[in-house]
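Visitor: Please take me through the salt bridges up close, and then what surrounds them. How many salt bridges does the structure hold, and which side chains meet in them?

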Amino acid sequence: MTLPIPLSVRLSTARADRHIERDLRSLSFRETANGYASAQFALDRLLASSPDEIAYYADVDIYDARNGNYVWCGRLEDPGRGVGSDGQVWELAAVGPSAHLRDSTLPLVYV
């Protein structure tokens, strides 16, 4: 079942901050008890381009366009591009903050 809720999707990096609803082909996301889990979406864009907003660990924000409430947020994990029977597509996957809960940060010096 598809709900007719107007969602807005934003990708942002240090170089660009863009809304991508116009190019959005598909969108799915899920939540767990720990918070936002994962999101997958596809964009209709030329493969020859290298957009500034598509990069590893870019911020992904999905929110309700009617009132601005966040529906999902996380970081881009795996930007990929390919060609299918229906054209050129960027396939993107993102993970929520719960995926990074156990990441350890420590100083590291290579000698």
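Guide: Here's a walk through the salt bridges, then the nonpolar core. Just so you know what you're looking at, this is a predicted model, where local features need pLDDT of at least 70 and side-chain atom pairs count only at pLDDT 80 or more, while totals for chains, interfaces and linings use all residues. Numbering starts from 1 along each chain as its sequence is written, and side-chain values use heavy atoms, with hydrogens and water left out.

The structure holds eight salt bridges, each being a Lys or Arg side-chain nitrogen within 4 Å of an Asp or Glu carboxyl oxygen. Let's start at Arg10. Its side chain meets that of Asp17 at 3.4 Å, N to O, and also that of Asp61, at 2.7 Å. Arg10 sits in strand 1 and Asp61 in strand 5, so this second bridge ties together parts 51 residues apart in sequence (strands are DSSP E runs of at least two residues, numbered from the N terminus). Asp61 is buried, at 9% relative accessible area, whereas Arg10 is partly exposed at 23%; buried means under 20%, exposed over 50%, partly exposed in between, with a 1.4 Å probe and protein chains only.

Next up is Asp44 with Arg25, at 2.3 Å, N to O. Asp44 belongs to the loop between strand 4 and strand 5 and Arg25 to strand 3 (residues 24-32), so the pair links parts 19 residues apart in sequence. Both partners are partly exposed: Asp44 has 37% relative accessibility and Arg25 has 33%. Then there's a network, in which bridges with shared partners join Arg18, Asp23, Arg45 and Glu53.

Now back to Arg10, which leads us into the core. Arg10 is one of the residues that Val60 touches, along with Leu11, Phe41 and Leu76 among others, leaving aside residues up to four places away in sequence; a contact here is heavy atoms within 4.5 Å. Val60 is itself among the residues with the most contacts inside the largest nonpolar core, a set of 16 that also includes Leu11, Phe41 and Leu76. Such a core is made of buried Ala, Val, Leu, Ile, Met, Phe, Trp, Tyr and Cys residues joined through side-chain atoms within 4.5 Å. Strand 1 (7-12) and strand 5 (59-64), along with strand 4 (35-43), strand 6 (70-76) and strand 8 (87-95), each give two or more residues to this core.

Notes: Helices (H or I, at least four residues) and strands (E, at least two) are DSSP runs, numbered from the N terminus.
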